[in-house]
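This report goes through selected local features of one protein chain, with attention to backbone geometry, burial and model confidence.

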Amino acid sequence: MLPRTQVTSNVASGKVMSISMANLCLPGQSPLNILRLVSLQVGLLFFPIHVFGFRMTSLLTYTIKNLPSASKWALRFSVRSLSCSSQLRAAAAAQTKSKKTLAKPNIRNIVVVDGVRTPFLLSGTSYKDLMPHDLARTALSGLLHRTSVPKDVVDYVIFGTVMQEVKTSNVAREAALGAGFSDKTPAHTVTMACISSNQAMTTAVGLIASGQCDVVVAGGVELMSDIPIRHSRKMRKMMLDLNKAKTLGQRLSLISKFRLNFLSPEVPAVAEFSTNETMGHSADRLAAAFAVSRLEQDEYSLRSHSLARKAQDEGLLSDIMPFKVPGRDIVTQDNGIRPSSLEQMAKLKPAFIKPYGTVTAANSSFLTDGASAVLIMAEEKALAMGYKPKAYLRDFTYVSQDPKDQLLLGPTYATPKVLEKAGLTLNDIDAFEFHEAFSGQILANFKAMDSDWFAQNYMGRKAKIGSPPLEKFNVWGGSLSLGHPFGATGCRLVMAAANRLRKEGGQYGLVAACAAGGQVCHRGFIGASGKSFPWKQNKLTQECLM
């Protein structure tokens, strides 16, 4: 019996594929020609993913064995990444007329007025002495300052987070009060792993679409510098029993049962509760199952860091607001953007599956502190207040997959669903913004999305959806380089798509993000510059799907 490796997807809840390691890397075969599984990771929309059947082992093995010879992926990849900006400008210049609008009859148009975020910082750096609600409060205050929206106009505040601070379990409420919102403004906190702020935004869309609210602030926060570390279960039980003991004898009896191993702490892990497997381990198995090489993963990561540095130098990351950290200097930019070289990246050892794994610290997203917030309104309310919104939020979907075998494959399943709901194809999308948990996860999803075989055998579709063109994909960097505060990434993705559409003159944007538990949020929205909204003379509208 050959050893099997299981594939996990960081984007949606999905089953893991069991594949014989012996059949994965065949001489002469191109890993990227096997299956272009595009794991769309959405910041605003979530999709639960379908489950991979157990038969995937034999099916995928058969496919890998019978694939055509390799193409020069690595060369093509690096060339395309360097020409992104020029291709995008050319595409924008070539666009002369508007595509159809995604507005639906008898449904309120919902818009993103603007959004902000704190600089995303490596955990353990400038934010290490703060609490999560400090970052969330800063994002809310920054949003109020940038938009000048009156606090009493906001009907509701929703925030997403993952590693909850026990003192501020409803961080949305604490942050809202700290930012000066009325104590009459309701606020609640949601958690859905890496798509928590996506959930916050789609909840806001629901509140506005139903007519319950006109103005909602949605956001997310994560502070990995100070995660809750608990006493062991035995120690907690003894402490609770001591608190209930009424006599000295009862207390002494309980204390006599104390053992040194009671002091062993419980540290949170980025692992699935149902499978006890870390996401990095799942990503490593996924990359192996789809024959994504270490070099390809490093190349993609280098692309992300290089594009992020370029966007940073050109001032394109306009959603970042400066933050004066108490007792420290003003923080003005993300600090995880570190372009390296393939030679240096190749020196790193595998981080999860040792010694033969391909996922390393260089091609994985890093633990990050940060917060984000967006102002979402009904279109008529925004216009009445004189705003020129940046984007229409048009549609979204959630999918879930088996958290063992398809943890990170959610975008592959969610993308065709949200596009079909909107009546669009992949070619209609002008800006793709997907969460990059791992290079291998992104590339495996590319392969799946570009595979007729995968579509037919695992998605029940007649043909593939296709993979996003790199010249439209995460061209201002992604989570690998900008950082990934679990609860805040969704809002960053949405604002990146909206800002890109405005700058590039595009109309449709697509946002996707994966999450622990095998879940994915996919969202479509219309990201528009002021000139492109229908209340302007120029009727060109930009729309995005999440």
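In which loop does S148 lie? S148 sits in the loop between α5 (132–147) and β6 (156–160). The model is predicted, and its backbone at S148 has a positive phi of about 60°, although S148 is not a glycine. With a relative accessible area of 56%, S148 is exposed, because the cut-off for that class is over 50%.

**Backbone geometry**

Most residues other than glycine have a negative phi, and most peptide bonds are trans. The table lists residues with a positive phi.

| Residue | Phi | Location |
|---|---|---|
| S148 | about 60° | loop between α5 and β6 |
| N276 | near 60° | loop between α9 and α10 |
| A291 | about 55° | just after α10 |

N276 is exposed as well, at 68% relative accessibility. A cis peptide bond runs from K354 to P355, with omega near 5°. P355 belongs to the loop between α12 (342–346) and β11 (368–378).

**Helix α10**

Helix α10 covers residues 279–289, and 10 of its 11 residues are buried, so the helix is largely enclosed by the rest of the structure. The buried residues are M279, G280, S282, A283, D284, R285, L286, A287, A288 and A289. Charged residues are among them, namely D284 and R285.

**Helix α9 and a nonpolar patch**

L248, L252 and I255 make a nonpolar surface patch of about 310 Å². Helix α9 spans residues 248–255 and contains I255. An α-helix has 3.6 residues a turn, so residues three or four places apart point the same way. I255 is partly exposed, with a relative accessibility of 47%.

**S481 and its surroundings**

S481 is part of helix α17 (residues 479–482). S481 counts as buried because its relative accessibility is 0%. Its side chain makes a polar contact of 2.9 Å with the side chain of S304. Leaving aside residues up to four places away in sequence, S481 touches S304, H305, A308, G336, I337 and F366.

**Confidence**

The average pLDDT of the chain is 81, and 76% of the residues score at least 70. Residues 1–97 have a pLDDT under 50 throughout, and the model gives this stretch 438 contacts beyond four places in sequence. In residues 525–540 the pLDDT is also below 50, and this stretch has 78 contacts in the model beyond near neighbours in sequence.

Key:
Residues are numbered from 1 along each chain as its sequence is written. This is a predicted model: local features need pLDDT of at least 70, side-chain atom pairs count only at pLDDT 80 or more; totals for chains, interfaces and linings use all residues. Side-chain values use heavy atoms; hydrogens and water are left out. Buried means under 20% relative accessible area, exposed over 50%, partly exposed in between (1.4 Å probe, protein chains only). Helices (H or I, at least four residues) and strands (E, at least two) are DSSP runs, numbered from the N terminus. pLDDT is the predictor's confidence in each residue, from 0 to 100. Contact means heavy atoms within 4.5 Å. A polar contact is a pair of N or O atoms within 3.5 Å; within protein, one must be able to donate a hydrogen and the other to accept it, and residues adjacent in sequence count only if both atoms are side-chain atoms. Patches are made of residues with over 30% relative accessible area and no salt bridge: like charges are joined within 9 Å, nonpolar side chains (Val, Leu, Ile, Met, Phe, Trp, Tyr) within 5 Å. Accessible areas come from the Shrake-Rupley method with a 1.4 Å probe; for residues, only the protein chains shown count as cover. A salt bridge is a side-chain nitrogen of Lys or Arg within 4 Å of a carboxyl oxygen of Asp or Glu.
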